[in-house]
Structures are given as C-alpha cells and as structure tokens.
Amino acid sequence: MKKTFLKLILFALAIFIIGTFYVGLKKTEIYDTKNLIGTNLDNFTLNSLNEDLEINQELIKENQYNLINFWASWCGPCRAEHKYLMNLNRNAKNLKLIGINFKDDKKNANKFLSKFGDPYHYSAADSEGKVSINFGVYGIPESILVDNNLKIIKKFIGPLNQDEYKDIINLTK
Amino acid sequence: MLSNTGITLVILTTLLSITVIYKSFVDLHIKNNLVNQKILNLVTFQTTFSILSFIVLIVAFVISDFSLVNVYENSHTKKPLFYKISGAWGSHEGSLLLWINILVIFSFLFLVFTKHNNKSYLLYTLIFQNFLILGFLIFLLINSNPFSKIYPIPIEGLGLNPILQDPALAIHPPLLYIGFVGSSIYFSAGIASLISNCRDKFFAKSIKPWVLISWSFQTLGITAGSIWAYYELGWGGFWFWDPVENASLMPWFVITALMHSVIVLEKRNSIYSWVIILCLLTFTISVTGTFLVRSGILNSVHTFANDPSRGLYILIFLSLMIFLALIVFFRYSKKEEYNFLLKSKETLILANNWFMFFFLTAVMIGTLYPIILEVLNNTKISVGPPFYSAVIFPFVIPFLIFMALGPKINWIKNKYKEFLSNFLILIAAIILNFLIYFLLGKYSIISNLIIISSIFLIIHSVKDLLTFFKNKTVSDISRIISHLGFGMLILFIGISHNFTTENDFNLKVGEKKKFSVYQINFNSIQMENEKNYKKIVGEFRLINLKSNFEEILYPEIRIYEQPETLTYEASIKTKLSSDIYLTMSNISRSDYYNIKFQKKPFMIWIWISAILIASGGFIRLIKIKTR
C-alpha cells in the first residue's frame, strides 16, 4: 500500500516536471517578446533614479516617440550601446529617451551616467527588476520604442547597433 | 570529403551499437560464464570508429574546411591552432559528438575492466549503455549533425565567439562532460544490477572507480568554468548562481552523495536501493541540465546555443530515461532492513547525503521554480544570489563540522572519546577566526561561523594528514585531502568574499590616482595588432605607498573582427597572498578610461583548494588500481 502510494507520487511528479518542461518548450514565444509589438504598454509606476519624481505612462504620452531603454551599470553590453543612445538623444528630434535602471545600485548608476554621459530625458530605477518584467524584459540591455498612444512600435533585444540606430532614426522621423 | 568520412564513421558507430545490443541479447541466453569475445571486438570497433569520427571533426577545424557548416559557423582561418581544435567541441553539434564519444569510451572501458564479473550484469549494462548511445547518435544524425555540408563553400568562417577563446573554457567542456556523461555508465549499470540481480558489495565495487572518475573530472570541470568566469568576464567574480552554472552543480551534489553512499554499500552491504536511486538520478539530472541549457527554456545570459527542436528531442529522451528508471526500479527493487546506530560511521557518511540533498533541493528550486511558475501562472520571477546565500550558507556550517567529525567515528558502533581534543580544535578555530577578523576588517556573524567551522575542518584534516605521515596505517588519505580541500575552499571563498577591496575611477593617460595605500599611474596606451584581433593595451604602474612595492599592469581592450566584438581583458597579478585585478574600459568620445581596481585576498587558493578536492578522487582511483 505504502509502496503503491510512493509509486503514484513519483510517477505523478515525473509527469508533472516533464509536462512543465514540454509546455515551457512550446511556450517559447513567451520569451520572444516580439509579439508585444502593436500592443499597448500597461500602466506602470516607477521612482526616478534620484527619487524626486514619479515616472509613469502619463509622462510617455507627452512625447511623440519614446525609447524605453533598460540598462545597468554592471552590464557590459550596455556600455557598448551607450554611444548610440547618446547619438539618438542628440539626433532624433521627435524622440525622448527613458532609461530604466535595472537591478542596480543607484550610486553606481549615477556614476555610470556621469562618466559616459546621460542620454535620458527621464531616468527611472527598477532596483528589484520587477517592473521591467512586466515590460517583457528578462535580460538587459533591451529597448522598446513606444509612441504617444503607448503603442509598442518595435523592440530591440540586446545592445543597439548601427543598423538599429538608423532604424530608430527613420521610424521617428 | 571530410564530411563524408565523418558521416560514414558516425553511421558505422550507429550500426555497431545496434549490433552490440542484438548480440548481447543473444549472448544472454547462452550458458557460459564469459562475455562472448565477439561482443568485445564489436565494442572495440565501435569505440575506434567513434573516436575517429571526432578526430575527423578536429582535423576539419584544424585545416579550416569550410565545406562543413559547423566549421564555417564556429571557426576562422586566423584563429590560433589551440582554439581551432577546441572549436571542435565549442558548438552544440561538436559537443554532442564529444558526448557520444564519452558514452562509447566509458562503455568500452567498463567492459574491459569489469571482465571477470557476473556475465548477465555486464551484458545488461552494455545493452542499456548502447541504448543511450543509440539515442544520442540518432539525435546527432537527424538534428545536430556536425558534418553537414554547405555549398557553395565559403572562403572564410564566421569565427568563434571571442569570449569563449580562453584556455580554461577550452578544457571546460571535455572535463565537465567526462563527469556528466561518465555518470551514464552507472545509470546503465544500476538498471542492469536490478535486472540481473547482481547486487550489494559486488555492484558497489564495480561502479566505484567510475563514480570516482566522473566525480573528479566534474569537480575539475566546474573549477575550470569558474576560472574562466573570473579571468574572462571581467567582473572579478567567479560564481554567479546563474541557471547554467546551477545545471552543472546539481549533478555534482548527487555524485558526491553517491560517492559517499557507495562506501557504505561496499563496507556494510547496506542501502543498496538508495545507491541505485543515486546512480539513476545522477545521469537523469545531468541530462535534465543539458535539456535546460540547450533548449533555451532557461533564458539565461549564458545560453549561447538554443533551439526548441533540440529541446523536444532531449525531452523525449529524458522522459524515456525517467520512466524506464522508475519502472525498472519498482519492478525489481526489494525491501531492505536498516539498522544503523546513530553514532556510527555509516550514519555520519549518510549525513553527507542529507546535506547534499538539501543543497540539491535548494539549487533545484532556485533553477526550476521560475520555469514552473511561468508555465503555470505566466508570472515571471528571477532567483538570484541572495536566495542561495540565505538558504545555503547557514547549512554550510553544520556540514563542515560533520565533515570534520564524521570520518573519526568507527563503523557499526562508536564510543565518543575525543571530546577534549575537538573542543581544543574548536577554540583554536575561533581564535584564528578572530585573528582574521582583526587583520582584515569586519564582517557578519554568519561569515564568522562559516570561517570558524571551515578552520575547524582544516585543523582536523591537517591533524589526520600528520597521523598519516607518521604511521601509514590510516587508509583514507584521499578522503583527508578532499576534505582538507573543501575546508580550504570555503575558508578562502569566505575571506575573498568578505575582504575584497574595490575602487572605481576615471583616468586619462598621464594622470594618477591615490586611494587608501595605493597610487595608480596611467603611463601610456598602445594599439597592437594580434593574429585575430586588435588590442588597446594600457600600462599602469601600481605603487603601494606603505611598502613602496611597485607593479606594472597591462589591462587590455580587445577588438575582434570575426564576429565583431569588444572584450575587456583584466590584468591580473596573482600572488599567493592576493590577486590584484585591474580592468580598463573606454568611455565614448572622451580621453578618459574607466578603471576598476580590485584586490582580492587568497584568490589562487580557491583554485588550489578545488584542485585538491578533485585530486582526492584521483588518489583513491590509483589506490584501487594498485590494489
């Protein structure tokens, strides 16, 4: 009796784990956040990096185009893409950059910005990374191009490169 | 040409596997005490063909034969020879071929070295091992063929990811695979043992060398991975509790538990079923780890090779393995009686198993729970170092104490007499801990306790070592060395974790910066061309103002062309007492460079300790052989 019970539990556990893996495998699109394109951003609230401002979807509605960039001072590829962000800030007229600092220490984040330059119109901090997850962001850097109706136009996973830079310039003309 | 040769060899290996399975089944019904010589010959051919196919792949990489997709995608003519060779197992396809080779080689060695034992046990082991081989060969042929051709033949390859071009990482997969895949042989042997009723002591003796080999290599493999992370990732850390790292750690916990339980089975003829469970679990968890890493389900920063179709295949294979193991286990296992006294060696060896399973559970929850939650609930969480620190670290303390005291206790029954000496050792450990505390600064209670218990274990091990050298009667020198290594590992991790000094600043060429007792002069910067990359090398003079000690450091920024990537090479001066770690990164449109300075005490001792742990396994192996 005891053995049958044990058997049942073990088989059920095995089926559960394998089943979960299988569904996880089939659901890979949940990792592919590209299907968010065309949908609208959910409402969100974050404190600004220097805690003097509340950053939410209303601020996004003020600008024709917004590039929400997720970054951290500890992230190597973020350094690599930083020059494109600086250029975007300078050259893309209708675009405002919103930086969301991901799982980072505020001190280090500010240091990073004073060293490499601050391309952001608004800087928000998501020190626990929870809000970023709602944006469909799991790894950084990642950037989301949003218009003033909160509609997601495009997502850029990984560091921005020259082509994507041009792409953003064209999209926001 | 090479492509055809390679595929032919793989197909021959596949056909031989099928033949071996068939012949073994036939041989099972022949009443004879020895395994048919023909089967041995077949396995020898199978091993030869399999090794040859891997050599063909290496040759293709060495001569840059870009008619192979795999070579085209992962190599480049300008790559140094060493990395051309390691490129052979740098990709998913190549590493799968390596995986198959290890399966085949272990099956061959097991057959050769376990020659005189129970015939049906050997044959069943061979049959199940060849089912595993066959499964992976089919996977290779239909989904991940390293010999696939490309036409027209490209003139140049795409290159190997520069961050992977590192000596430690080049040897990391083979080492880890000997550990992971080597565990397949006792998965097969475990099932064979149940079916053929070849149990207990004999079974323990036959698998012990393979457990030791796979454990030792896996320990080295994990160490090589950490060394790579430390030297190459440029953050100064060496373990990030990343899911991919966890996937390599989980089987290690189970093998470690198995290694200890096998001793109990061998000496006391007990816990047979538990040993079988561990045998089955080790390889199952290894394959689960491979599934998690290769399918892309983990979505970790480390996942470089993922493809859901691969995942599906591995998952089907994994399910077959799990259900086969469960069914065979319940069909053939028998009820056992245990009567261990609390104060006996067997109980304390099993204490190792409790801890290993606790650590395993913690790491498994941290790794799998986010996946389960996401599938069931669409909620995404990420589990990071704080979880592992909070759950695992406190339990390291009793674990270390058990490791020190356990080996002192006799088999079956013990009267505990050494209370005074243990008390003295504890006092010595506490004094040493506070010495460290006053010399290096302050840290938390849990760190204090971990350091005290690790010193406690070290003193115990050193004491045992001295007894060993005095009278060579103490037989378990391998245990002493591994336990000493583990005590040192925890101690040095603790010290390096608590007492690393760090400084981060910007400098221009010609400038200097003072902080605490150091001064750094940024002397010059130079651009150099290497074979497959360009590099910017900074020259820094580090002066210790207190001792007037000087050191020149050369951190680099490397610019690789194929594929175009920037990597930051830390300049690391390793000394026995500490590592000086300096990285430099450029700041766009500015003459300034961002400099990160770290002084990490006793870093090299972490690697030495890990190697010491593994060497214990090798010493035991040599002893088994000479006996």
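Okay, before anything else, one definition: when I say a helix lies across strands, I'm counting two residues as in contact if their C-beta atoms, placed from the backbone, lie within 7 Å. Also, keep in mind that this is a predicted model.

With that in hand, let me start in chain B. Helix H18, residues 603-626 of chain B, lies across S8, S9 and S10 of that chain. The direction of H18(B) is at about 115° to S9(B). So what is the sheet underneath? It's an open one of four strands, in the order S1-S10-S9-S8 of chain B, and the pairing is antiparallel. Strand S1 (501-507) and strand S8 (571-574) of chain B sit at the edges with a single partner strand each, so each has one side without a neighbour in the sheet. From one strand to the next, the twist averages 10°.

Let's zoom in on one pair there. Strand S9, residues 578-586, and strand S10, residues 593-601, both of chain B, run antiparallel and share nine bridges. If you want a spot to click on, B:Leu582 has B:Phe597 in S10(B) opposite.

While we're in this part of the numbering, have a look at B:Glu569, which is in strand S7 of chain B, residues 565-569. Is B:Glu569 buried or partly exposed? There are 18 C-beta neighbours inside 10 Å, and buried would take 20 or more. B:Glu569 therefore counts as partly exposed. Setting aside neighbours within four places in sequence, B:Glu569 has contacts with B:Pro555, B:Glu556 and B:Arg558. And if you'd like a long-range pair, B:Glu569 and B:Leu281 are 288 residues apart in sequence, with 39 Å between their C-alpha atoms.

Now for helix packing, still in chain B. Two packed helices are described by the angle between their axes and the distance between the axes. For helix H14 (residues 385-405) and helix H16 (residues 445-470) of chain B, the angle is about 15° and the axes are 9 Å apart. That makes the two, H14(B) and H16(B), roughly parallel. The crossing of H14(B) with H16(B) is left-handed. On the H14(B) side the contact includes B:Phe393, B:Ile397 and B:Leu400, and on the H16(B) side the residues include B:Leu449, B:Phe456 and B:His460. Sorted by class, that contact has 13 nonpolar residues, three polar and no charged.

Next, a helix pair that spans the two chains. Helix H1 of chain A, residues 2-26, and helix H13 of chain B, residues 345-377, have axes that come within 9 Å and cross at roughly 70°. H1(A) and H13(B) are therefore roughly perpendicular to each other. This crossing is left-handed. Who touches whom? A:Thr20, A:Val23 and A:Gly24 in H1(A) come up against B:Ile371, B:Ile372 and B:Val375 in H13(B). By class, the residues of that contact are four nonpolar, two polar and no charged.

That brings us to chain A itself. Chain A has six helices and seven strands, and along the sequence they go α-β-β-α-β-α-β-α-β-α-β-β-α. Of its 173 residues, 36% count as buried. Taking contacts in chain A with a separation of 6 or more, 75% of them are between residues 24 or more positions apart.

The seven strands make an open, mixed sheet in the order S2-S1-S5-S4-S3-S6-S7. Strand S2 (54-56) and strand S7 (152-157) of chain A are the edge strands, each with a single partner, so one side of each has no neighbour in the sheet. The twist here averages 30° from one strand to the next.

S7(A) pairs antiparallel with strand S6 of chain A, residues 142-147, through five bridges, and A:Ile144 has A:Lys155 in S7(A) as bridge partner. Helix H6 of chain A, residues 162-171, packs on this sheet, touching S3, S6 and S7 of chain A, and its direction makes about 170° with that of S7(A).

Last stop: strand S4 of chain A, residues 95-102. How many of its eight residues are buried? Eight of the eight, so S4(A) is largely enclosed by the rest of the structure. A:Leu95, A:Leu97, A:Gly99 and A:Asn101 point one way, while A:Lys96, A:Ile98, A:Ile100 and A:Phe102 point the other. S4(A) pairs in the parallel sense with S3(A) over seven bridges, with A:Asn69 partnered by A:Gly99. S4(A) also runs parallel to strand S5 of chain A, residues 122-126, joined by five bridges, and there A:Ile100 has A:Ala124 as its partner.

Key:
Residues are numbered from 1 along each chain as its sequence is written. Chains are lettered from A and ligands numbered from 1 in the order in which they are written. This is a predicted model: local features need pLDDT of at least 70, side-chain atom pairs count only at pLDDT 80 or more; totals for chains, interfaces and linings use all residues. A residue is buried if 20 or more other C-beta atoms lie within 10 Å of its own, exposed if 12 or fewer, and partly exposed in between; C-beta atoms are placed from the backbone. Axes are lines fitted to C-alpha atoms, for helices over the stretch in contact, and angles run from 0 to 180 degrees between N-to-C directions. Angles under 35 degrees count as roughly parallel, over 145 as roughly antiparallel, 65 to 115 as roughly perpendicular and the rest as oblique. A crossing is left-handed if the near helix is turned anticlockwise from the far one by less than a right angle, and right-handed if clockwise. Ala, Val, Leu, Ile, Met, Phe, Trp, Tyr, Cys and Pro count as nonpolar, Asp, Glu, Lys and Arg as charged, and the others, Gly among them, as polar. Two strands pair if DSSP finds at least two bridges between them.
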